[in-house]
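Visitor: I would like a close look at one part of this model, with its surroundings explained as you go. Please keep it plain.

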Amino acid sequence: MDKKYINVRNDYNSLKTEQRNPRTTNIDKLTTYEMMKLMNDESRVVYDAVDSQLDEISRAVDVIAESLSAGGHLIYVGAGTSGRLGIVDASECPPTFGTDPRTVRAIIAGGQSAMFRAGEGEEDNEEQGALDLIHDKVRKGDVVVGLSASGGAPYVIGALKKAKELGAIPIGISCNPGSRMHDICDITITPYVGPEVITGSSRLKAGTAQKLVLNMLSTGAMIKTGKVRENLMINVKPSNAKLRMRCIGIVKELGKCDEETAAALIDKYGDIPKALDALEKGTE
């Protein structure tokens with residue numbers, strides 16, 4: 001047997017994310033309700049797992065906020081489910097926080113088409129992970145967050161190694177403590193959720209845990225860089241009817257004015273901070 005496949009087999013056998021769950025071995029014999037109840041019960045461990053990583057998550061938020069404040073970028077890199085989660089989080093930052101699309105972005109093994117059609121074989125290419133990071137023009141001072149449920153996807157490992165070479169800050173998110181990420185990353189976040197309901201289906205508990213961590217990283221960094229006032233999104237843009245009404249409500253709330261005044265300011269400036277500034281200066 002080829003040596004590389006022996007190594008893969010040995011790595012696979014040691015992965016906590018690939019172990020069988022003794023609580024779900026009869027899931028195919030349950031009623032639909034029992035099945036759903038079991039899945040929901042299993043998911044309860046996710047929040048405790050994330051809670052155990054709050055120190056590391058907090059450190060990561062501070063590092064990301066410092067980078068963004070200095071003109072750096074946040075880049076998620078992943079394969080399969082993990083890569084898709086990175087794309088979802090990155091794509092939601094511009095409409096939520098008014099950021100430039102390049103400020104928070106994502107790279108997935110296999111390129112954009114892998115978002116809609118699984119190309120799981122792409123995750124085995126460590127060299128391509130490094131090349132994609134170069135192609136994306138990642139630079140010194142950026143933060144690269146590698147996403148891999150197992151912590152060992154070669155594509156992600158290659159990207160994290162290259163990030164370090166480029167002077168970017170490598171951060172890892174994995175549900176497998178003690179993975180290959182630990183020797184590469186400055187910070188490693190490892191919410192251990194235990195074996196999946198369906199063996200190896202890391203889109204389930206591991207996917208949920210990764211999504212929760214991503215929510216915290218991006219939202220925390222945006223709060224710390226001034227994109228939120230009180231608990232309101234002051235950089236959201238009035239790009240459709242719903243968001244226009246949200247902007248009007250935020251100006252009304254923070255500016256202590258009536259809805260008509262808030263609407264006029266949003267329609268004039270198209271920007272919440274400018275509208276609030278005009279109110280404060282009495283130049284509306």
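Visitor: At 1.5 Å a residue, what should the 18 residues of helix α5 (residues 80-97) span, and how far apart are its end C-alpha atoms?

Guide: The model is a predicted one, so its confidence values come before the helix. Mean pLDDT over the chain is 91, and 94% of the residues reach 70 or more. The weak stretch is residues 1-10, where pLDDT stays under 50 and the model has two contacts beyond four places in sequence. Where pLDDT is low, the predicted coordinates should not be read in detail.

Now the helix. The 18 residues of α5 should span 26 Å at 1.5 Å a residue. The expected span takes 1.5 Å times one less than the number of residues. In the model the end C-alpha atoms of α5 are 26 Å apart, so the two values agree.

The next point is what α5 covers. Its buried residues are Gly80, Ser82, Gly83, Arg84, Leu85, Gly86, Asp89, Ala90, Cys93 and Phe97. These buried residues pack against strands β1, β2 and β3, helix α8 and strand β6 (228-229). After the helix comes Gly98, with a positive phi near 70°.

Three of those partners, β1, β2 and β3, belong to an open sheet of five strands. Its order is β2-β1-β3-β4-β5, and the pairing is parallel. The edge positions are held by β2 (104-108) and β5 (187-189); each has a single partner strand, so one side of each has no neighbour in the sheet. On average, neighbouring strands of the sheet are turned by 20° against each other, direction ignored. Strands of a sheet pair through backbone hydrogen bonds, either parallel or antiparallel.

One pair in this sheet can be followed residue by residue. Strand β3 (residues 143-147) runs parallel to strand β4 (residues 169-173), and five bridges join them. Among the bridge partners, Val144 is matched with Pro170 in β4, and Leu147 is matched with Ile173 in β4. Four of the five residues of β4 are buried, so the strand is mostly covered.

Helix α8 (residues 205-224), another partner of the buried face of α5, also packs on the sheet. Helix α8 touches β1 (74-78), β2, β3, β4 and β5, and its direction makes about 145° with that of β4. A residue that shows the link between α8 and α5 is Ser218, which lies in α8. Leaving aside residues up to four places away in sequence, Ser218 touches Tyr76, Asp89 and Cys93. Asp89 and Cys93 are among the buried residues of α5. Ser218 has a relative accessibility of 4%, which means that Ser218 is buried too.

Since Cys93 has come up, a word on cysteines. A search of the whole structure finds zero disulfides. Two cysteines away from α5 show the distances involved. The closest cysteine sulfur to that of Cys185 is in Cys175, 14 Å away, which is too far for a bond. For Cys257 the closest cysteine sulfur is in Cys247, at 13 Å, again too far for a bond. The limit for a disulfide is 2.5 Å between sulfur atoms. Cys185 is buried at 9% relative accessible area, and Cys257 is buried at 14%.

The positive phi of Gly98 leads to two residues other than glycine. Most residues other than glycine have a negative phi. Lys137 has a positive phi near 65° and sits in the loop between α6 (126-135) and β3; its 62% relative accessibility makes it exposed. Lys256 has a positive phi of about 55°, lies in the loop between α9 (241-255) and α10 (259-269), and is exposed at 70% relative accessible area.

Helix α10 gives a last distance. Thr261 is found in that helix and is partly exposed, with 25% relative accessibility. Between Thr261 and Ile171 there are 45 Å from C-alpha to C-alpha, and the two are 90 residues apart in sequence.

Terms used:
Residues numbered from 1 in each chain as written. Predicted model: local features only at pLDDT ≥ 70, side-chain atom pairs only at ≥ 80, totals over all residues. Heavy atoms only, no water. pLDDT = per-residue confidence, 0-100. Contact = heavy atoms within 4.5 Å. Pairing = 2+ DSSP bridges. Helix = DSSP H or I, 4+ residues; strand = E, 2+ residues; numbered from the N terminus. Axes fitted to C-alpha atoms, helices over the stretch in contact; angles between N-to-C directions. Buried < 20%, exposed > 50% of the residue type's maximum accessible area, 1.4 Å probe, protein only.
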